[in-house]
Structure formats: C-alpha cells, structure tokens
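Subject: The structure I promised

Hi,

Here is the structure we talked about, with my notes underneath. Have a look at it first, then read on.

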Amino acid sequence: MKIRELGPLGAEVTNIDLKKTNKNHLALIKKYFLEYSVLIFRDQNLVPEELKRLSTLWGEPMVHPVFKGIEGHPEIIEIRNYGEKYHTNAHWHSDVTFEHTPPDATLLYSLIVPEKGGDTLFSNQYLAYDELEYDIKTELENKKAVHSNIGVLMLSGGDPKDAKTVEHPIFRTHPETGKKALYVTEAFVKEIKDINKKDSQEKLKYLYAHASQEKFIYRHHWLKGDLVIWDNRCVQHYAEHGYGDNERTMHRLTTSGSKPF
Ligand code: SIN
C-alpha cells in the first residue's frame, strides 16, 4: 500500500484492492484518514456489502434520516443525475449536520461517471479555522450555529412544518486528532445563536467565503470505480455539476458519529 499526498488535504492510496484488506491495511487506512482527511482509492470493484464492511472502520453504517436507501441496503443512498437543473449537492456542506450526532465519515463510490464535469471539491476546515482572524475567532469561540434539515426535507417532498433544528459549536474539536475545525455549512446553517440576525447573516457570509477559498481545496475528478472517503468533522465538500444530461451515478454511505463539541 502506498500513499500520495494531493494538496491542502487528501491523499491517494494505491497498491490496494479493498476487497482483500487485512488488519494491518485497515489500521493504516484509519491512520491515513486522520492524517489527510480525504482518501482516494482508484479502480475498485465494490458491491454494497463490501462498502458496508469497510464503513465499519469508522462506525455503524447510518440510515439517512430523509433519503431512502437502495433495495436491500437502507444505509446506501444512490446519488443520481437528473439533468443540469438537479444540483442537489452543489453547495458547501458537511454531511447531515442537522442531526445531533452527524456522521463521522462518508464513503462515496462511483458507478457511472461523465467524461467531463461532476467533480467533487473538498475543503480543509482545520486550515480554515487556523487562518481565521484573531478577532472573529475570539468573538465566536463559544458560539453555536443553528442547523436545519428544511432543505433536504423539501427536496424529498416532505412538509416544511416537520423541519427540525439542532445546535452545534461553530468551531468543532476533532475527537480523535484534538484539532479545531471551522464547522458552519452554507447548506444547513440558518443562523448563529445569541447574536442579532443582521450580525449573524454578515458573519456567516464571511465564514462561508473564508471556508471555501481555493487554497484550502482539493478537486476530485471522478473515474469509474473510485472510492473516496472523507472526514465530516473537518472537511466540507461541494458537488459540482457541469455534465449536462450525461449520467453520473454514485453509491453513498455515511457512518455513525458523535455529538460535536
Ligand atoms: C454529497 O454531497 O454527499 C455527494 C457529493 C457528490 O455527489 O459528489
């Protein structure tokens, strides 16, 4: 097994067939995951059972609270293109932050990919935290952000009256590395708690622009058979479109997580 660093975050792991991993491989994968936050495995050939088995390295496979899973595997969601106007994940986010215990890791496996477009961008939120101005860091140090599931609820045909919110710290401490990361996602955060609305909107706008700067980003261009695994506790991602009506089909699985602190 070999590792190749890719940029401000992310590494490609080569010389490994994920169907044939032993204990030593798995321990190393877990170590690399904490070190690089996004791991890329090219040219894999995985069925849902194997995806689920791998995901247990990070926790229990989680059933998505809103989207229905594939036949026989409720934990695996199929993400499928429905044309240029279907931009579901074209916004910066960390997965399912509207839950009390959002998933630690996401595994995304490509089944059908377009030749052009469909990249996923990943942004390093440890660096985003480290590079924040002292004043804003101090001001927001113990503040919380309100995350809501209203967007996904409406996408899945649900009633906005059933929407719910949870509060998470704006700066999250990673429970395994001990490092702090910026933890506000444009897709799900509605406001910062305990400051006035106008101030909250201005600060969030600033944080979103800060979090998604080019210098924090690794861009992944998908090939068929790629498995990408990322750490939702310190990474945000953005699914770019740009492939018209060509097909792009992925299997996505998130794992259990813990309460952010
Ligand atoms: C996601 O946002 O979880 C999926 C990303 C993608 O389809 O590239």
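A word on the element names before anything else: helices and strands here are DSSP runs, with at least four residues for a helix (H or I) and at least two for a strand (E), numbered from the N terminus. Keep in mind too that this is a predicted model.

With that naming, V96 falls in the loop between β5 (76-80) and β6 (105-112). V96 is not a glycine, yet its phi is positive, at about 55°. Is V96 buried or exposed? With a relative accessible area of 2%, V96 is buried. D43 shares the backbone oddity: its phi is near 60°, again a positive value in a residue other than glycine. D43 belongs to the loop between β3 (38-41) and α2 (48-55). Its relative accessible area is 68%, so D43 counts as exposed.

Now the ligand.

Which residues surround it? The list is I79, N89, H93, D95, L108, T120, H237, A239, R248 and R252. By type, this shell splits into three nonpolar, four polar and three charged residues. Some side chains in the shell come up to ligand oxygens with an N or O atom. For T120, an N or O atom of the side chain is 2.6 Å from an oxygen atom of the ligand. R248 has a side-chain N or O atom 2.7 Å from a ligand oxygen, and for the side chain of N89 the corresponding distance is 3.5 Å. How much of the ligand does the protein bury? On its own the ligand would expose 260 Å², and the protein buries 100% of that.

Next, the aromatics.

How many aromatic pairs does the structure hold? There are seven. I'd start with F122 and Y218, a stacked pair with 6.5 Å from centre to centre and 15° between the planes. Why does this pair tie together parts that are far along the sequence from each other? F122 is in strand β7 (residues 120-124) and Y218 is in strand β13 (residues 217-220), so the pair joins parts that are 96 residues apart in sequence. Both F122 and Y218 are buried.

F122 has another partner in W230. Here the rings are tilted, with 5.1 Å between the centres and 55° between the planes. W230 sits in strand β14 (residues 227-231) while F122 is in strand β7, so this pair links parts 108 residues apart in sequence. W230 is buried, as is F122. Put together, F122, Y218 and W230 make up one aromatic cluster.

Strand β7 also contains L121. L121 is buried, at 9% relative accessible area. In space L121 lies 8.8 Å from H221, C-alpha to C-alpha, with their positions 100 residues apart in the sequence.

Two rings have a charge over them. The charged end of R172 is placed over the ring of Y183, 4.9 Å from the ring centre. In the other case, K179 lies over the face of Y126, at 4.1 Å from the centre of the ring.

A few more spots to click on while you have the model open:

- E5 is part of strand β1 (residues 2-5). It is exposed, with a relative accessible area of 54%. The C-alpha atoms of E5 and Y36 are 7.8 Å apart, and the two residues are 31 residues apart along the chain.
- S55 is in helix α2. Its relative accessible area is 0%, so S55 is buried. From S55 to Y134 the C-alpha distance is 37 Å, over 79 residues of sequence.
- G158 is in the loop between α5 (150-155) and β9 (165-169). At 30% relative accessibility G158 is partly exposed, since that class lies between the 20% limit for buried and the 50% limit for exposed. Its C-alpha is 28 Å from that of Y243, which is 85 residues away along the chain.

If you open one view, I'd go for the cluster of F122, Y218 and W230, and then for the ligand, which the protein buries 100%.

Cheers

Key. Residues numbered from 1 in each chain as written. Predicted model: local features only at pLDDT ≥ 70, side-chain atom pairs only at ≥ 80, totals over all residues. Heavy atoms only, no water. Near = heavy atom within 4 Å. Polar contact = N/O pair within 3.5 Å; in protein donor to acceptor, adjacent residues only side chain to side chain. Areas by Shrake-Rupley, 256 points an atom, 1.4 Å probe, with all protein chains shown as cover. Nonpolar A, V, L, I, M, F, W, Y, C, P; charged D, E, K, R; others polar. Phe/Tyr/Trp six-rings, centres within 6.5 Å; stacked < 30°, edge-to-face > 60°. Buried < 20%, exposed > 50% of the residue type's maximum accessible area, 1.4 Å probe, protein only. Lys NZ or Arg CZ within 6 Å of the ring centre and 35° of its normal.
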